[in-house]
Amino acid sequence: PTTSLRRVIVFGPGDKEVVRLLAPIARLGIHPMAGYHDPKVAFVHVEDLIDAILAAAVRGRTCRGSQPHHDDGCGVYYIADPEFITFAQFAEYAAEGFGRKRVFPVRRPLALVQGVAGSNVRGGRLFGVRSTFNLDKIREASCSAWTCNLESTVHDLGWSPMYSLQQRIQQFASMYKMR
């Protein structure tokens, strides 16, 4: 029996990826952005993800056969906060956690950011270092949206995050500020 959990962008203690979004907000009050489009994105705090995993283990349905089938939704659960926000909103919530009244978006043309990401990857190969700022991340950031349907997650698992996404991001920023 298999239950499939599809997580979104996870953040929280021990995070090494999303925490990189916080440094310019904390230090300079700016939020660098790729392109001029700001898609809705799904996030989940690691503690809420753990709660969802436990709920799926106890109450989750299993997939029929060996593969999950998206058409019937049986045994496939997306784990995300129900509030989908833009990266600009993420920056605003983080700024509140830092005690800043405002954060200023700094937008760069997508082609320029793609060029920098490509150079970063080539430089990483040259020096034997894997870069997380790469073309895949830029493609992800420039999609029309990264959201999901939580209906079966809420219905079958009875799961919802313990705190609002805004509170979780502010808490995350406060922890970053204290280190």
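**Exercise 1: a bridge partner and its sheet**

Task: In this predicted model, find which residue of strand 9 is the bridge partner of lysine 40, then work out how the sheet around that pair is ordered.

Solution:
- Start with the pair itself: lysine 40 is bridged to alanine 145 in strand 9.
- Step back to the strands. Strand 4 covers residues 40-41, and with strand 9 it forms 2 bridges in the parallel sense.
- Now place both in the sheet, which is open, has 3 strands in the order 7-4-9, and shows mixed pairing.
- To find the edges, look for strands that pair on one side only: these are strand 7 (85-86) and strand 9 (145-146).

**Exercise 2: the largest pocket**

Task: Say what volume the largest pocket has, which residues are closest to its centre, and how its lining divides into nonpolar, polar and charged residues.

Solution:
- The volume comes out at about 1,200 Å³.
- There are 34 lining residues, and Leu21, Phe87, Lys137, Glu140 and Ala141 are the closest to the centre.
- Next, go by element. Two or more lining residues come from each of strand 2 (9-11), strand 3 (30-34), strand 8 (104-108), helix 4 (110-127) and helix 5 (135-141).
- Sorting the lining by type gives 22 nonpolar residues, 4 polar ones and 8 charged ones.

**Exercise 3: the two faces of helix 4**

Task: Check the span of helix 4 against the expected value, and explain why its buried residues sit on the same side.

Solution:
- Helix 4 runs for 18 residues, and the distance from its first C-alpha to its last is 26 Å, close to the expected 26 Å at 1.5 Å a residue.
- With buried meaning under 20% relative accessible area, the helix 4 residues that qualify are Val113, Ala117, Gly118 and Gly124.
- These residues lie on the same side of helix 4 because they cover an arc of only 140° around the axis.
- Flip to the face turned away from that buried side, and you meet the exposed residues Ala111, Arg122, Leu126 and Phe127.

**Exercise 4: isoleucine 30 and the whole chain**

Task: Classify isoleucine 30 by its accessibility, then put it in the context of the chain.

Solution:
- Isoleucine 30 belongs to strand 3.
- Its relative accessibility is 25%, so isoleucine 30 counts as partly exposed, a class that lies between under 20% and over 50%.
- Valine 154 is 124 residues away from isoleucine 30 along the chain, and their C-alpha atoms are 36 Å apart.
- For scale, the C-alpha trace spans about 45 × 40 × 30 Å along its principal axes.
- Finally, the chain has 7 helices and 9 strands, and 39% of its 179 residues are buried.

Definitions and conventions: Residues numbered from 1 in each chain as written. Predicted model: local features only at pLDDT ≥ 70, side-chain atom pairs only at ≥ 80, totals over all residues. Heavy atoms only, no water. Pairing = 2+ DSSP bridges. 1 Å grid on protein atoms, 1.4 Å probe; cavity = no way out; pocket = protein on both sides within 12 Å on 5 of 7 lines; lining within 4 Å. Points joined across faces, edges and corners; volume = space filled by probe spheres on them. Nonpolar A, V, L, I, M, F, W, Y, C, P; charged D, E, K, R; others polar. Expected span 1.5 Å × (residues − 1). Buried < 20%, exposed > 50% of the residue type's maximum accessible area, 1.4 Å probe, protein only. Arc of directions from axis to C-beta.
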